[in-house]
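Open the model in your viewer and keep the sequence panel beside it. This tour says what to select next and what is there.

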Amino acid sequence: MPRPTRRPGHRDGPPYTPMVPNLRLERGMSRRRTVTGGREGRIVTFYSYKGGVGRTMAVANIAWILASNGHRVLACDWDLEAPGLHHYFRPFLPTAALGSTTGIVDLFADHAVLARGRGPRGRDLYAQTARVRPHALSVEWAFPGGGSLDFLSAGRQNAEYLGTLASLSWDYVGGPFLSALREDMRRNYDYVLIDSRTGLSNAVEICTVDLPDVLVSCFTLNVQSIEGAARTARYIGHNSPGWEIRILPVPMRVGGPDMSRLAAGLQRARNSFEGLPSGLSSAAADRYWAEVAIPDQPKYGCEEILAVFGDVSGEPSSLLTAYERLTSAITDGLVDRLPVLDESLRKRHLASFTLPVPARAVPVVLAHAPADRLWAEWIGWALRGAGFQVLPPDSGALSGTPVVVVVSPNFQGSPRTRTMLAVSNGSDGAPGEAARVVPVMVEPVALPPRLAGLVPVDLTGLDEAGAAAAVLQALDQPAPWDGVLDPARPSFPARQPVVWRVPGRDTAFVGRDLVLDRLHDSLAVSRSVVVLPDGGLPGVGRRRLAVEYAHRFRADYNLVWWIPAGTAHAATASLARLAEALWPGTLLDGVEAACARVVEALAADRPHGRWLLVFDDAGGPGELAGLVPSGSGRVLITSRSAVWAEGMETVQLGAFSREESVELLRGRVSGLREPDADRVASAVGDLPLAVAQAATWLSETETSAATYLRELARAGALPASPITACCRVALAGLREVSPAAARLLQVCGELAPTPLPLDVLVRSESLAGVLWTGRSGRADPLRFMAVLQEAGRSGLLEVDRQAQTLRMHRAIQSVVQAEVAPDDREAVRHHTHLVLAEAVRSQPDNALDDEAPEGLQALWPHLDHTEAEHCASPEIKSALMRRALRSAPRGAAG
């Protein structure tokens, strides 16, 4: 077939063969190939006005043909709402890569984040964001002649993909960025093939007007498809952005017994696309329309199989031969055939496209506690993948439907699950009477009484494939689990983040299940979410909620890092510790440099994608300026500042529901009757901090509910301030039992509401002089621990035994400070300064504190909070000087 006339400026000459050998890559890594020769590639968009024409299959096969002829090829899945190109490359892509590898949506989203921020502008911005190779996967095949095939997905194919797409703002995807993206594609690849979505939209116009050199307009021979494709082709021809877009009309799925109707359809198409392809003589146009049609082959209708493996080379009526002819038209005759594959190799890989026949759809009920959402999602995915229909407990399932129960401490302790099995079975009888119950144990725990006598499926200690096989085998699923995991599957809940630093989980945490689910869903869409107190209400548990979220959903992340953000310095120091954890020795360059390095790396998803940063107790947005990375990770912020609500997605946290208050009280106070718990909850206004304080006091002192309610009434402050009333009751009792513990609380009331290493206080001679007046200031660790135990029993101090830290809630600090006599307040603060100065002095000079909680960095927030810079004590001035020296790069002070 004669070559169509070349558009102005198009390159001539033989096909370019890369000089770089075809290196095999590690799984999941993009190919990094050096571009030589100064040639620019060609961008080819495949578009169809209607779906179902075979467009995606054409892209996959032509990409393979081009790569097999020694070209560097990028295949892009631009069908953002319904991506499917990856199915044709499935046997040759790393397992699970699609669920973790970024794509087009992420590329645009990252650009939008930087464009609306305060980062680089112009070419500096585009050089950072308009790059496709960091998002591409290499197809694992040794192509001849140095060829390569990279795949750019629509985006991470996981449970959050549609939310990310819905939140994408196209306002920042303008001409300069698209020009830079086009330049990057053509510089790094010989051919870029784009599988566009159907219809008309912003995303479609980008890949049909703004990017391509060639548009392949795909259509079937019905009137609707022809007319829609022809109108779109004329629109693109009239709106090309400064260069001529060569348009190739291609009839698809052509065939059928009625030859006269087939001929009429082809003539109708040719008339509608009159003058296209442009520049052809009458004879050349005749040959084009006679040869370019893609036949309909029913054998490819059920599975996504590449014709390069499904057809034998040289068969004139095959799909492969048709794709070879279309490849010739796209490349101006430079590539017109696929190198012949060894027949045994072809057949062996053809078998890898065939999927197993799914099991018969069998209904099964899945019951779980709200806190086990991730396990329920994963088990539900495994069951559905094996052909089961998964139903909730209240679905009205027929009697006898199997019931899978996710067993964990959460299931045991949640009152919502007490009747779940009865609802599942439609009766209040023993579960075995109505249905077969399969307990699936996800944490070591005794079975609840209703399941006693059953043998659980124990998933503890199993890997993902083993866990899936165990669940399916328990339901008599005959097909063995073959270990092939869907890349879009939910995260396996037993997996742990590679990098993890989060405060210990509150084992007594109750409720907030709907809030936690909403928070998780909001992060999936908005990427950054701020938790605020509803109406400025104190003591609602923002910090506890964030800790529970990090633990409950940790399997969704590769890196999770907790950042005390009460001050910019504290947040900077915590980010610097993250840098030290990722790259040991980074702190030698100074805290600021280490912080800047990790913020920049996370913005590029290095060294881990799927990261979560939790900025706890942040001030206003300005205090975190330059400290919050962009990129595809998630940022959770807790704050009291309502200013965040002006430009951020927020979750408002209010009081407990009465059910949650009663659950917390009865869970902590043995023998507390529900009516008494209800009265206590009502007295303290269901305020979480006050409910927790009441529960601790009732449990530790064994006070009756009636007595406690009378003490609350005598303490005053009700109903306006239940926290104040609860704290006054606890303080009054503590002064009688342990005056030293009361004095310890006064010192802690001056500190920052962030964790302080216990060792700072255990070894402090300055603190000893405060706690035990009248005796020399000599540290007594055993005596101090007894005092600490009394303070902890009051509920006014949070002691984390695992992390060996303590902290006092901000709202409790206000009450404690108010209870100190005005004449004593200055003395208490001065003693606190001396304790901190002694702690700084006791730390070794080489303590980089990237691991140890007793490190110097943990002390700086407390120096800030107590306004140590106004203290005239020489010890404090020395501590502040040491802090300044440590913030500078090593060697700078000398």
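**Stop 1: strands 8 and 9**

Select residues 362-367 and 388-391. These are strand 8 and strand 9, which run parallel and are joined by four bridges. Helices (H or I, at least four residues) and strands (E, at least two) are DSSP runs, numbered from the N terminus. Two strands pair if DSSP finds at least two bridges between them. Now pick V365: its bridge partner in strand 9 is L391. Add residues 373-385, which are helix 15; the chain passes through this helix on its way from strand 8 to strand 9, and the β-α-β crossover is right-handed. Right-handed means that, with the strands pointing away from the viewer, the path from the first strand over the helix to the second runs clockwise.

A note on what you are viewing. The model is predicted, so local features need pLDDT of at least 70 and side-chain atom pairs count only at pLDDT 80 or more, while totals for chains, interfaces and linings use all residues. Residues are numbered from 1 along each chain as its sequence is written, and side-chain values use heavy atoms, with hydrogens and water left out.

**Stop 2: the rest of that sheet**

Add residues 403-407. This is strand 10, parallel to strand 8 and joined to it by three bridges. Two pairs to click: A367 has V405 as its bridge partner in strand 10, and L366 has V404. Which strands make up the whole sheet, and in what order? Five of them, in the order 9-8-10-11-12, forming an open sheet with parallel pairing. Strand 9 and strand 12 (457-458) are at the edges; each has a single partner strand, so one side of each has no neighbour in the sheet. Bring helix 15 back: it packs on the sheet, touching strands 8, 9, 10 and 11 (437-441), and its direction makes about 150° with that of strand 9. Axes are lines fitted to C-alpha atoms, for helices over the stretch in contact, and angles run from 0 to 180 degrees between N-to-C directions. Contact means heavy atoms within 4.5 Å.

**Stop 3: the seven-strand sheet**

Move to the sheet with order 3-4-2-5-1-6-7. It is open, has seven strands, and its pairing is mixed. Its edge strands are strand 3 (137-138) and strand 7 (246-251), each paired on one side only. Select residues 42-48 and 191-196: strand 1 and strand 5 run parallel, joined by five bridges. T45 stands opposite I194 in strand 5. Then show residues 319-330, helix 13, which packs on the sheet and touches strand 1, strand 6 (214-219) and strand 7; its direction makes about 165° with that of strand 7.

Stay on strand 7 and pick P249, which is found there. At 0% relative accessibility, P249 is buried. Buried means under 20% relative accessible area, exposed over 50%, partly exposed in between (1.4 Å probe, protein chains only). Leaving aside neighbours within four places in sequence, its contacts include S217, F219, Y288 and W289. L276 is 27 residues away along the chain, yet the C-alpha atoms of P249 and L276 are separated by 7.0 Å.

**Stop 4: helix 7 and its charges**

Select residues 175-188. Helix 7 has 14 residues and reaches 20 Å from first C-alpha to last, close to the 20 Å expected at 1.5 Å a residue. That expected span is 1.5 Å times one less than the number of residues. Its buried residues include F177, L178, L181 and M185.

Show R187 and D184. They form a salt bridge, with the closest N and O atoms 3.3 Å apart. A salt bridge is a side-chain nitrogen of Lys or Arg within 4 Å of a carboxyl oxygen of Asp or Glu. The two residues are three apart in helix 7, about one helical turn. R187 is partly exposed at 38% relative accessibility, whereas D184 is buried at 5%.

Next, D190 and R72: another salt bridge, with the closest N and O atoms 2.2 Å apart. D190 lies in the loop between helix 7 and strand 5, and R72 in strand 2 (residues 72-78), so the pair ties together parts that are 118 residues apart in sequence. Both D190 and R72 are buried.

**Stop 5: a salt-bridge network**

Finish at D506 and R544, a salt bridge whose closest N and O atoms are 3.0 Å apart. D506 is partly exposed at 23% relative accessible area, and R544 is partly exposed at 32%. Add R668, E798 and R807: together with D506 and R544 they are linked in a network of salt bridges. Across the whole structure, a search finds 42 salt bridges.
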